[in-house]
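Biologist: I am new to this structure and would like a close look at a single part of it, told slowly and in connected sentences. Could you choose the helices as that part, and then lead me outward to what surrounds them?

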Amino acid sequence: VALVTGASSGLGVRFAKTLAACGAKVGLAARRTDRLEAVAEEIRAAGGEAICISMDATDADQLFAAVDTLEKAYGTVDILINNAGISMRAILKEANIEVIKKVMDINFFGAVYCTKYALDSLIERKGTIVGVSSIAGYRGLPGRSAYSASKYALQGWLEAIKTELLTSGVHVMW
């Protein structure tokens with residue numbers, strides 16, 4: 001059973017379809033429910049199983065509800081793909097502080113909340129936590145300071161929890 005955030009486009013769609021093709025029951029989570037439904041229909045047409053979960057990665061309550069919905073539907077979460085994310089493009093002098101906050105809320109805190117809420121299932125099942133990052137998590141990119149900061153934060157946090165969970169059997173990767 002896999003939960004994929006940001007499953008309405010891009011890498012999220014690819015992760016969801018690949019997991020379903022490998023036999024996973026997939027929870028597709030994102031804001032754009034029309035796109036989620038289209039992905040779910042493709043998965044079902046190929047013989048897979050998927051449910052759609054409307055959620056905004058900036059809203060902790062909605063992230064909790066996403067995990068809860070998947071656990072109620074399938075009993076657990078074995079794999080969590082923290083894929084929801086946005087970018088930004090602006091030099092600091094011209095950057096809007098609210099945009100910087102939104103990038104951090106989605107790219108970093110969205111992964112933190114979702115992982116925290118799914119953690120009991122992941123530990124029980126010796127599951128896998130994935131954080132989707134970028135080269136910007138290794139090198140600060142001019143004009144993408146908030147994006148770089150969010151990916152640095154995500155990678156540092158995932159490295160820390162990988163160590164915390166070392167003896168639990170949970171796999172953590174980015």
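Modeller: What follows is a walk through the helices, their packing and their charged side chains, and then through a loop and a surface patch. Please keep in mind throughout that this is a predicted model.

I begin with packing, since two packed helices are described by the angle between their axes and the distance between the axes. Helix H4, which covers residues 97-125, packs against helix H5, residues 145-164, at an angle of about 15 degrees, and the two axes lie 8 Å apart. Because angles under 35 degrees count as roughly parallel, H4 and H5 are described as roughly parallel to each other. The crossing that H4 and H5 make is right-handed.

Another pair is formed by helix H1, residues 10-21, and H2, which pack at an angle of about 25 degrees with their axes 10 Å apart. This angle also falls under the cut-off of 35 degrees, and therefore H1 and H2 are roughly parallel to each other. Here, too, the handedness can be given, for H1 passes H2 in a right-handed crossing.

From the packing of the helices I turn to their charged residues. Side chains of opposite charge can pair when their charged atoms come close. Counting a side-chain nitrogen of Lys or Arg within 4 Å of a carboxyl oxygen of Asp or Glu as a salt bridge, the model has five of them, and I will describe some, going from helix to helix.

In helix H2, which spans residues 33-45, Arg44 and Glu41 are three residues apart, about one turn of the helix, and their side chains meet in a salt bridge with an N to O distance of 2.9 Å. Arg44 is partly exposed, with a relative accessible area of 34%, and Glu41 also counts as partly exposed, at 46% relative accessibility.

In helix H3, residues 60-74, Asp68 and Lys72 are separated by about one helical turn, because they are four residues apart. Their salt bridge brings the closest N and O atoms to 3.0 Å from each other. Asp68 counts as partly exposed at 24% relative accessibility, whereas Lys72, at 66%, counts as exposed.

Helix H4, already met in the packing with H5, holds a salt bridge between the side chains of Asp105 and Lys101, at 2.8 Å from N to O. Asp105 and Lys101 are four residues apart in H4, and so about one helical turn separates them. Lys101 is partly exposed, at 46% relative accessibility.

Following the chain out of H4 leads into the loop between that helix and strand E5, residues 128-131, and in this loop lies Lys126. The backbone of Lys126 deserves a look, as this residue has a positive phi of about 55 degrees although it is not a glycine. Lys126 is also exposed, with a relative accessible area of 52%.

The last stop is on the surface, where Ile135, Tyr138 and Trp174 form a nonpolar patch with about 330 Å² of accessible area together. Of these residues, Trp174 lies in the segment after strand E6, residues 171-173, and Trp174 is partly exposed, with a relative accessible area of 34%.

Definitions and conventions
Residues numbered from 1 in each chain as written. Predicted model: local features only at pLDDT ≥ 70, side-chain atom pairs only at ≥ 80, totals over all residues. Heavy atoms only, no water. Helix = DSSP H or I, 4+ residues; strand = E, 2+ residues; numbered from the N terminus. Buried < 20%, exposed > 50% of the residue type's maximum accessible area, 1.4 Å probe, protein only. Patch = residues over 30% accessible without salt bridge, like charges linked within 9 Å, V, L, I, M, F, W, Y side chains within 5 Å. Areas by Shrake-Rupley, 256 points an atom, 1.4 Å probe, with all protein chains shown as cover. Axes fitted to C-alpha atoms, helices over the stretch in contact; angles between N-to-C directions. Parallel < 35°, antiparallel > 145°, perpendicular 65-115°, else oblique. Left-handed = near helix turned anticlockwise from the far one by under 90°.
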